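Colleague: I'm new to this one, so could you walk me through it? Let's put it on the screen and start.

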Amino acid sequence: MTQTLSLGWPAPAKLNLFLHINGRRDDGYHELQTLFQFLEYGDLLDFKITTDGKIALHSNLNSSIADADNLIVKAARLLQQHTATNLGAEIWLDKKLPMGGGVGGGSSDAATTIVALNALWQTGLDQQQLAALGLKLGADVPIFIYGNSAFAEGVGEKLQAVDIPEHWYLVLAPDAHVSTAEIFQHPDLPRDTPKVSLTELLSANWKNDCQALVCHAFPQVAKALAWLLEYAPSRMTGTGACVFGEFETQQQALECLAKMPTSFRGFVAKGTNISPLQHRLMQC
């Protein structure tokens, strides 16, 4: 297994099609209800398996994040420790997703690392065990390991698979890095949206409880959302900063992208109920 190279592991973006904050728990985490769907767009990771036990990360980022604090490295070391494997890995990250954008880039990278290395190291953990490990790295990591569009409750770890329409989306990435921790700690965050059933939520008008707060704190997010709302039903995903508009066809989304002001960044992608990571895993 020395120097085995495995290419093209996707770390897809996700959208929170709605996000309701139901309350704050005694441990400081928040009870929430949300609906996750993946996008056929995201980061890409390559792995070279080694026998020296070392974890090395290479990326196209000019990042000040030390390897020890990087979620990819943390994920690899967590799996190493949990399984007591002597194997290591060199990892290459092609980063496309904006950081602090609410599309799950860091969590998705961590999940792909855990899923890929579990397969490549042949450590034999099942999906439930991998998701439990992933939860130690962040509340959004399990959904990427689970790999199916899902209604989520708790802190995001209680997942119920759903089959929902796979629309096309235009995602705008304002020049803002929104800290999830800061948003959830903010005194003005609404925390009292009543819990409702999945059936009720699927037929309701969807909203994001964090949106008003983020738009107030980050005018660039408010500007992007206001522009997008002129063309399509649009909301913010997660705790921001990315906003997305929903379209029936790829052509409609691309036509809107072509009108996008030069001060914005954005991409068009199709929603998918099965994560691209799951399709890649089937190739092993």
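Modeller: One term before we begin: a contact, or touch, means heavy atoms within 4.5 Å. This is a predicted model, where local features need pLDDT of at least 70, side-chain atom pairs count only at pLDDT 80 or more, and totals for chains, interfaces and linings use all residues. Residues are numbered from 1 along each chain as its sequence is written, and side-chain values use heavy atoms, with hydrogens and water left out.

Colleague: How many helices and strands does the chain have?

Modeller: Both are DSSP runs numbered from the N terminus: helices are H or I with at least four residues, strands are E with at least two. Counted that way, the chain has 10 strands and 10 helices.

Colleague: What is the radius of gyration of the chain?

Modeller: That's taken over C-alpha atoms, and the globule rule to hold it against is 2.2 Å times the number of residues to the power 0.38. For 284 residues the rule gives 19 Å, and the chain comes close to that, so it is as compact as a globular protein of that length. The radius of gyration is 19 Å.

Colleague: Which residues does UniProt list for "active site"?

Modeller: The entry is unreviewed, and such annotations may be inferred rather than shown by experiment, with positions given in the numbering used here and feature names shortened. The listed residues span 127 residues in sequence, yet no two of their C-alpha atoms are more than 9.7 Å apart, so they gather at one spot. The names are K14 and D140.

Colleague: Is K14 buried or exposed?

Modeller: Buried means under 20% relative accessible area, exposed over 50%, and partly exposed in between, using a 1.4 Å probe and protein chains only. K14 sits in strand 1 (residues 4-24). Leaving out residues up to four places away in sequence, its contacts include F36, G102, T237 and the other listed residue, D140. At 2% relative accessibility, K14 counts as buried.

Colleague: What about K96: which residues does K96 touch?

Modeller: K96 is in the loop between strand 4 (88-94) and helix 2 (105-120), and at 46% relative accessibility it counts as partly exposed. Not counting residues up to four places away in sequence, K96 touches Y41, G42 and D43.

Colleague: Where does UniProt place "domain: GHMP kinase N-terminal"?

Modeller: That comes from the unreviewed entry too. The span is 56% helix and 9% strand, and its end C-alpha atoms lie 22 Å apart. UniProt puts the domain at residues 70-147.
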